[in-house]
Amino acid sequence: MKKIVLDEEDIPKYWYNIQADLSDPLDPPLNPQTMEPIKPDDLKAIFPMGLIQQEVSRERYIPIPEEIREIYRIWRPTPLYRAERLEKALKTPAKIYFKWEGVSPPGSHKPNSAVAQAYYNMKEGIERLVTETGAGQWGSALAFGTNLFDMKSRIYMVKCSYEQKPYRRVLMESWGAEVYPSPTELTEVGRKIRAEDSDTSGSLGIAISEAVEDAATHDDTNYALGSVLNYVVLHQTVIGQEMKKQFELIDDYPDIIIGCVGGGSNFAGASFPFLHDKITGKKPDLRVISVEPLACPTLTKGRYRYDFGDTAGLTPLLKMYTLGHSFIPAAIHAGGLRYHGDSPLLSKLTKDGYMEAVAYHQREVFEAALLFAKTEGFVVAPETAHAVKATIDFARMCKEEKTIVFANSGHGYFDLSAYDAYHKGTIQDYEYPDELIDKAMRDLSDIPE
Ligand SMILES: *Cc1c(COP(=O)(O)O)cnc(C)c1O
């Protein structure tokens, strides 16, 4: 069978919360003023209670409101494909599958959470959401989600992406969003950073600082975050739950699950429902592998410790793998994988040995994506291309039949300039230097580990 499809009734009715299955709980987020654990009330200025409760919940299953499932029906359930032509090209005994999230209107997994976030904010009377975006995937997902609930949105888009990717901006504007290149003159943080460095290319950390400030200074406005937080990961578990059902239909189960990690949401969403079986001992030898760029090697070279989520140090401190919040990434094209931190849940499961991580150079990643495009037809996002590269590597290493599945997080049709750069030979490999990580860690010396 080429693709395994489900019915609309198979759209999950619950999100799966892996916090229920951790043997010891997550280290709590800290208030940076007091270094004490954050209280839910501290977050009320920028988040709705519905999401704050999900952030700290230890219930295993959280019901998905029918209004959200109704919108999920536009593109869910998403297909699970068998990549037989790729298998043949690799001459591998492995069976390769991928779960295709590129069928959503914005083209990635991100609306799974954007729609949910818009819904809970709308329910609590919020009229406007603000956020940051790197490559433009999250911004377009939030513009899509807010539009469906008649809300306004403003997107702070990392300046180098704003310049490289005008069509993502047009897409966001088509769904009614206001989009600005960050850093802007609209916030105090933005003005300060521009005063220090007038031609900065921006970063996700800076754009987050601007959006958080905007939300904190407007009553009708909340902040939306596209990855990292527990509730974002929670919303994305619709991916993995559908996958489990799809593998049941073909009487198979993955030996290896692979996904790219920026903040961790698509891969956590795809893998956590399976990790449940590893944690509970049902599938102890399951391998779960995160893939990241060597230019932003958070899991492979970063430290597991408390750090801020943004550059300016406005957010709570999160215990996670981090390269340091002062990280300014090289302008590699996988914009969505350029964040200095990672989901605390994914970080902890990596630290505790349930998940592994690998990192690759840019050129080999594009080479893999092109083999995938030529065999399977889909041109994937540069972020997703990292997962493709690892899948190909693991399939090549297989000496016997194994089932490998990767989370195919989105299409690359707004990223064709990156493919063009690869064809022209102008994409450069870059490895983030250890000295810069050590330096960033020294800046964290006042913060508890
Ligand atoms: C944003 C994005 C990512 C990275 O974000 P995660 O939170 O790690 O999933 C990966 N793939 C695509 C297509 C994206 O848009």
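**Close-up views of a predicted model**

**View 1. Who sits around the ligand?** In this predicted model, 19 residues surround the ligand, and the ones that come nearest are Lys110, Ser227, Gly262, Ser265 and Ser409. What kinds of residues make up this shell, by class? Polar ones, for the most part: the shell has 13 polar residues, next to 4 nonpolar and 2 charged ones.

**View 2. Zooming in on the ligand's oxygen atoms.** Start with Ser227: an N or O atom in the Ser227 side chain is 2.5 Å from an oxygen atom of the ligand. With Gly262, look at the backbone instead, where an N or O atom lies 2.6 Å from a ligand oxygen. Gly264 also uses its backbone, with an N or O atom 2.8 Å from an oxygen atom of the ligand. So how much of the ligand does the protein bury? On its own the ligand would expose 380 Å², and the protein buries 98% of that.

**View 3. Where the shell comes from.** Two helices to look for are α11 (265–279) and α15 (382–397), each of which gives at least two residues to the shell around the ligand. Now step back to the domains: domain 1 (41–64 + 110–230) and domain 2 (75–107 + 233–442) each provide at least three residues of that shell.

**View 4. The largest nonpolar core.** Here's a general idea to keep in mind: in soluble globular proteins, nonpolar side chains tend to be buried together. The largest nonpolar core in this model has 88 residues, and Trp15, Ile68, Tyr223 and Phe272 have the most contacts inside it. Which helix gives this core its largest share? That's α10 (residues 230–249), with 8 residues. Both domain 1 (41–64 + 110–230) and domain 2 (75–107 + 233–442) chip in, with at least three residues each.

**View 5. Asn17, a residue in a loop.** Find Asn17 in the loop between β2 (14–16) and α1 (49–56). Is Asn17 buried or exposed? Its relative accessibility is 4%, so Asn17 counts as buried. Now find His235, 218 residues away from Asn17 along the chain: the C-alpha atoms of these two are separated by 9.0 Å.

**View 6. Tyr156, a residue in a strand.** Tyr156 belongs to strand β7 (residues 152–158). Tyr156 counts as buried because its relative accessible area is 0%, and the cut-off for buried is under 20%. Gly324 is 168 residues from Tyr156 along the chain, and 21 Å separates their C-alpha atoms.

Note on methods:
Residues are numbered from 1 along each chain as its sequence is written. This is a predicted model: local features need pLDDT of at least 70, side-chain atom pairs count only at pLDDT 80 or more; totals for chains, interfaces and linings use all residues. Side-chain values use heavy atoms; hydrogens and water are left out. A residue is near a molecule or strand if one of its heavy atoms lies within 4 Å of it. A polar contact is a pair of N or O atoms within 3.5 Å; within protein, one must be able to donate a hydrogen and the other to accept it, and residues adjacent in sequence count only if both atoms are side-chain atoms. Accessible areas come from the Shrake-Rupley method with a 1.4 Å probe; for residues, only the protein chains shown count as cover. Helices (H or I, at least four residues) and strands (E, at least two) are DSSP runs, numbered from the N terminus. Ala, Val, Leu, Ile, Met, Phe, Trp, Tyr, Cys and Pro count as nonpolar, Asp, Glu, Lys and Arg as charged, and the others, Gly among them, as polar. Domain bounds come from an automatic or database domain assignment. A nonpolar core is a set of buried Ala, Val, Leu, Ile, Met, Phe, Trp, Tyr and Cys residues joined through side-chain atoms within 4.5 Å. Buried means under 20% relative accessible area, exposed over 50%, partly exposed in between (1.4 Å probe, protein chains only).
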